[in-house]
Amino acid sequence: MSSRSTTAPLALAIGMLLVSMVSYQCGASLAKHLFPQVGAQGATAFRLGFSAVILLLWRRPGRRSGGQRDWRALWGYGLSMGAMNLVFYMSLRTIPLGVAVALEFTGPLALALLSSRRLLDFVWIALVVAGLALLLPLRGRMQALDPVGVMYALAAGAGWALYIVLGKKAGAAYGADAVTLGTSIGALLAIPFGVAHAGSALLSPALLPYALGVAVLSSALPYSLEMIALTRLPARTFSTLLSLEPAIAAIAGVALLGERLSLLQWVAIATIIVAAAGTALSVRRPMLAEPLAN
């Protein structure tokens, strides 16, 4: 077998994962444009509600009958998905997209670091602390971040870590249907918040194309591409590439939302990316592979 025939599937899988991450960040940027009309709560309801409909029609999980089911893990997975998306979008109201994703990324990063006790891991922990010190509004800088937005982003990171742990259990019990069922449960949590905040504005026909765009770009398309990439990429490669997400988010925020980051904020994001990549490359046991959470 030639090296070209070996590397081609790997390159295709890497390309799919990169497109998946770009798609998600474009979806988040599009969702932020909905905030003036329906708020962050309404945008979350749009995303999870339409995503659930798309995935249910595509996967039709009711057609398959399984063996033993772990309902608590499934509901925990779905509720953590809904809460994570809601607080993440709430953070985007007041802080830039790239910063929000970098702060959110500390959740799965902390989860990975907790599984190891080697000296090298403390280097990655120190980098995370340094990145957070540059990002968090600890001093009275002119471009200090909104503390409430920061707390929402960190809460989304905690939700992401919980999503990973419960998602592994739900995936073991429900297979690929876990994403569809979990998204549906997350929608049940998010939609009441959206209705309470936006009311009848959610029914506006003018917003339907944007709502569908958010659902496809943020969930349906990236989930599908990522699932294909997961079957073709080593866990370490997958996790290392995933660490690029804060940078992609920052670029999307600048290009699509006109956001501006200070030099310190760019350095902080780069520091967290290095820590995430270093953790993925140095971890001994395979990283948990889960769908893109945000």
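This passage describes the fold of a predicted model, from its helices and core to a few individual residues.

The overall plan is an easy one to read. The protein contains 10 helices and zero strands, and a walk along the sequence gives the pattern α-α-α-α-α-α-α-α-α-α. Of its 294 residues, 52% count as buried. The chain also brings together residues that are far apart in sequence: among contacts between residues at least 6 apart, 88% join residues at least 24 apart.

The inside of the protein is a good place to begin. The largest nonpolar core is made of 77 residues. Within this core, the residues with the most contacts are Tyr77, Phe88, Tyr89, Leu97, Leu103 and Leu135. Helix H1, which spans residues 3–59, supplies the largest share of the core, with 16 residues.

Two residues of helix H1 show what surrounds this helix. Gln25 belongs to H1, and its relative accessible area is 0%, so Gln25 counts as buried. Once neighbours within four places in sequence are set aside, Gln25 is in contact with Leu97, Val101, Glu245, Ile248, Ala249 and Ala252. Leu97 and Val101 lie in helix H3, while Glu245, Ala249 and Ala252 lie in helix H9. Further along H1 comes Ala40. This residue is buried as well, because its relative accessible area is 0%. Leaving out residues up to four places away in sequence, Ala40 touches Phe35, Tyr89, Met90 and Arg93. One of these partners, Tyr89, is among the residues with the most contacts inside the largest nonpolar core. Ala40 and Ala198 are 158 residues apart in sequence, yet 9.4 Å separates their C-alpha atoms in space.

Next come the helix pairs. Two packed helices are described by the angle between their axes and the distance between the axes. Helix H2 (residues 71–91) packs against helix H5 (residues 147–174) at an angle of about 155 degrees, and the two axes are 7 Å apart. The angle is over 145 degrees, which means that H2 is roughly antiparallel to H5. The crossing of H2 past H5 is left-handed.

A second pair is formed by helix H3 (residues 97–113) and helix H9, which pack at an angle of about 160 degrees with axes 7 Å apart. The result is that H3, too, runs roughly antiparallel to its partner, here H9. In this pair the crossing is right-handed. On the H3 side, the residues that meet H9 are Leu97, Gly98, Val101, Ala102 and Phe105. Their partners on the H9 side are Glu245, Pro246, Ala249, Ala250, Ala252 and Gly253. Several residues of this interface, including Leu97 and Ala249, are also in contact with Gln25.

Charged residues add another kind of link. Side chains of opposite charge can pair when their charged atoms come close. The structure holds two salt bridges. In one of them, the side chains of Glu259 and Lys32 meet, with an N to O distance of 2.6 Å. This pair links distant parts of the chain, since Lys32 sits in helix H1 and Glu259 in the loop between helix H9 (245–257) and helix H10 (263–282), 227 residues apart. Glu259 and Lys32 are both buried.

The other salt bridge joins Arg59 and Asp177, whose closest N and O atoms are 3.3 Å apart. Arg59 lies in helix H1 and Asp177 in helix H6 (residues 177–198), so this bridge ties together parts that are 118 residues apart in sequence. What are the surroundings of its two partners, buried or partly exposed? Arg59 has a relative accessible area of 24% and is therefore partly exposed. Asp177, at 6%, is buried.

Finally, the loop between H1 and H2 offers one more residue to look at, Asp70. With a relative accessibility of 30%, Asp70 counts as partly exposed. Apart from residues up to four places away in sequence, Asp70 touches Ala173 and Tyr174. The C-alpha atoms of Asp70 and Gly171 are separated by 9.7 Å, although these residues are 101 apart along the chain.

Methods:
Residues numbered from 1 in each chain as written. Predicted model: local features only at pLDDT ≥ 70, side-chain atom pairs only at ≥ 80, totals over all residues. Heavy atoms only, no water. Core = buried A, V, L, I, M, F, W, Y, C linked by side-chain atoms within 4.5 Å. Buried < 20%, exposed > 50% of the residue type's maximum accessible area, 1.4 Å probe, protein only. Helix = DSSP H or I, 4+ residues; strand = E, 2+ residues; numbered from the N terminus. Contact = heavy atoms within 4.5 Å. Salt bridge = Lys/Arg side-chain N within 4 Å of Asp/Glu carboxyl O. Axes fitted to C-alpha atoms, helices over the stretch in contact; angles between N-to-C directions. Parallel < 35°, antiparallel > 145°, perpendicular 65-115°, else oblique. Left-handed = near helix turned anticlockwise from the far one by under 90°.
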